[in-house]
Amino acid sequence: EDFSKQVLYAYVDMIDFGGLTFDAALRKFLSHFWLPGEAQKIDRMMEKFAERYCSQNNDSGIFANADAAYVLAYSLIMLNTDAHSAQIKKKMTQEEFVKMNRGINDSKDLPTPFLEQSYQAITTNEIKIKDDGMSRESTTMSRPSKSKLFHMESAIMVKESQEAFKLKARKKSVYHSSRNVEHVRPMFEASWCALLAACSSVMEDTRDDLSEPVIALTLRGFANGVHIAAEFGMCTERDAFVTMLAKYTYLESAKTMGRRNIEAFKTLVTIALSDGNVLGSSWAQVLKCLSEFHRLHMIGTGAKTDGHLFFPGASAAACAICAPGANNGDAAPSTPSSAGATPPSGASAQGKLQGAGSSSTRHAIMLQPARSRTHTRDNELAAVEMANSHTMVDQVDVVAIDRIFSNSTYLGADAIVVFVTHLCMVSREELEYPTDPQVYSLQKIVEVAYYNMPRVRLVWARIWEVLGEFFTEVGQHRNLSIAMYAVDSLRQLAAKFLEKGELLNYQFQREFLKPFQ
């Protein structure tokens with residue numbers, strides 16, 4: 001191998017690159033032979049080319065050393081593949097090429113005009129490797145595979161070389177503080193996976209002696225990760241943090257909840273309150289956790305659940321509750337009410353609208369916003385659920401959860417539509433249980449509609465486009481009690497909305513009433 005290397009070096013030293021531009025020298029170099037498929041051999045050839053070019057053009061002052069020429073040579077090869085390959089649809093732009101080669105010239109930048117000229121030279125005139133003189137028949141099968149392998153390996157080596165030089169440059173560089181928020185994005189893109197893995201390892205630690213500061217710091221990492229990703233519109237990263245945090249609440253698992261799981265749920269609620277405008281599709285995970293929490297909360301408080309509608313004795317219990325003066329505080333009947341009522345501060349929207357008729361009250365109590373699942377599970381799992389429900393009741397403030405829905409009035413025009421869309425989606429899932437539906441999200445939809453009714457017409461029209469379709473669907477639910485509840489809710493919302501005046505030649509009130517058709 002040493003002999004082959006000496007032959008290579010002697011051969012390259014015979015090629016004259018003096019006075020040539022860098023791209024022209026590279027074309028001349030690649031015109032003399034086929035590049036081999038092995039990465040190490042290509043590396044040695046490009047290394048020798050860079051050394052030979054710099055030695056003959058040392059007075060140009062462009063390259064600080066041969067290392068820079070070596071990296072740029074690979075960049076041009078990668079650019080040649082990118083620009084002239086039919087399989088690559090999204091081509092590298094001139095700006096991206098210049099940005100990719102920053103800091104390669106001994107921790108400094110190559111002249112921008114020089115890089116732009118090189119970019120134009122390659123994109124407008126493809127580098128074509130000279131035929132080796134062998135018969136076309138004997139080389140037809142080997143050339144495509146060699147060329148493909150060369151392109152793949154050269155791209156990998158360019159990336160590895162750039163990372164190596166950038167790492168070397170970072171060791172020499174001086175730390176600079178920045179007040180530009182845009183500088184956070186590339187750092188977060190490079191570190192979010194490691195941050196998520198580190199936070200997850202703490203949450204999955206089975207030891208019970210983890211200190212509260214460690215757990216608090218971990219959950220702060222989740223919250224900050226969600227906030228940064230959401231602010232920069234990094235949907236994948238945001239959804240990853242929210243999904244993992246929701247997982248560690250244990251709300252949708254058969255595991256006993258501990259202190260860190262309760263704190264994870266509280267963190268999720270805090271995120272919903274602080275970053276609701278930018279949560280996007282992550283609302284689905286948040287709202288599912290809220291639904292499951294409410295189910296466990298109803299179990300823990302001993303309140304009547306939706307399941308009483310379907311099991312023996314439920315009707316009798318419901319009638320007992322419906323009797324005058326039978327408000328024991330356990331159940332939380334919430335049905336939208338008469339449209340003219342003005343809701344007092346701090347109450348739920350449905351409590352604010354109390355006063356529908358006795359029929360709607362009866363349906364509201366029979367369909368309490370929780371779902372009993374213990375009849376479909378074994379005793380051990382039921383015991384875990386009961387323990388978790390008592391844990392949640394003792395440590396979670398339900399007022400903060402109610403604020404998520406009441407504060408929906410502060411969401412932006414796009415954010416409220418996304419929020420309502422995912423709330424309807426979760427409600428559909430709750431109502432799909434054939435023998436054990438839950439109407440918690442359906443009730444929250446009514447609350448959110450009431451809270452946001454004063455919005456400007458254009459925004460409310462977008463909200464109602466989602467809600468109208470939902471009420472039309474639920475109003476035809478196979479379970480008559482749920483269908484009646486939805487229709488009654490819609491009737492009371494319509495009565496409230498129709499109190500608002502409408503100018504001539506507008507038809508939004510007609511659009512609002514379409515679900516009744």
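Where is the place of Tyr250? In this predicted model, Tyr250 sits in the loop between α11 (235-247) and α12 (259-274), where helices (H or I, at least four residues) and strands (E, at least two) are DSSP runs numbered from the N terminus. Although Tyr250 is not a glycine, it has a positive phi of about 65 degrees. With a relative accessible area of 19%, Tyr250 is buried, a term that means under 20% relative accessible area, with exposed meaning over 50% and partly exposed in between (1.4 Å probe, protein chains only).

Residues are numbered from 1 along each chain as its sequence is written, and side-chain values use heavy atoms, with hydrogens and water left out. Because the model is predicted, local features need pLDDT of at least 70 and side-chain atom pairs count only at pLDDT 80 or more, while totals for chains, interfaces and linings use all residues.

The protein has 23 helices and zero strands. Of its 517 residues, 46% are buried. The accessible surface comes to about 26800 Å², and 55% of this surface belongs to carbon and sulfur atoms; accessible areas come from the Shrake-Rupley method with a 1.4 Å probe, and for residues only the protein chains shown count as cover. Among the contacts in the protein with a separation of 6 or more, 72% are accounted for by residues 24 or more positions apart, contact meaning heavy atoms within 4.5 Å.

Two packed helices are described by the angle between their axes and the distance between the axes. Axes are lines fitted to C-alpha atoms, for helices over the stretch in contact, and angles run from 0 to 180 degrees between N-to-C directions. The helix α12, which follows the loop of Tyr250, comes within 11 Å of helix α13 (residues 283-301), axis to axis, and the two cross at roughly 130 degrees. This angle makes α12 oblique to α13, given that angles under 35 degrees count as roughly parallel, over 145 as roughly antiparallel, 65 to 115 as roughly perpendicular and the rest as oblique. The crossing of α12 and α13 is left-handed, that is, the near helix is turned anticlockwise from the far one by less than a right angle, whereas a clockwise turn would be right-handed. On the α12 side the contact involves Phe265, Leu268, Val269 and Ala272, which meet Trp283, Val286, Cys289, Leu290 and Phe293 in α13. By class, these residues divide into nine nonpolar, no polar and no charged, where Ala, Val, Leu, Ile, Met, Phe, Trp, Tyr, Cys and Pro count as nonpolar, Asp, Glu, Lys and Arg as charged, and the others, Gly among them, as polar.

Helix α20 takes part in two further packings, with α21 and with α18. The axes of α20 (residues 440-452) and α21 (residues 457-474) come within 12 Å and cross at roughly 150 degrees, which makes α20 roughly antiparallel to α21. The crossing in which α20 passes α21 is left-handed. Leu442, Ile445, Val446, Ala449 and Asn452 of α20 make this contact with Trp460, Ile463, Leu467, Phe470, Phe471 and Val474 of α21, a set with ten nonpolar, one polar and no charged residues. Helix α18 (residues 398-406), in turn, packs with α20 at an angle of about 55 degrees, the axes being 9 Å apart, and α18 is therefore oblique to α20. Here Ile401, Asp402, Phe405 and Ser406 in α18 meet Tyr440, Lys444, Val448 and Tyr451 in α20, and the residues of this contact comprise five nonpolar, one polar and two charged.

Several single residues were also examined. Arg27, in helix α2 (residues 22-30), is buried, with a relative accessible area of 19%; apart from its neighbours within four places in sequence, Arg27 is in contact with Ala121, Ile122, Asn125, Glu126 and Ile127. Ser75, in helix α4 (residues 66-84), counts as buried at 0% relative accessibility, and its C-alpha atom is separated by 8.2 Å from that of Phe97, 22 residues apart along the chain. Tyr485 is found in helix α22 (residues 480-497) and counts as buried at 2% relative accessibility; the C-alpha atoms of Tyr485 and Val439, 46 residues apart along the chain, are separated by 9.3 Å. Ala198, in helix α9 (residues 184-203), is partly exposed, with a relative accessible area of 41%, and its C-alpha atom lies 8.3 Å from that of Thr218, 20 residues apart along the chain.
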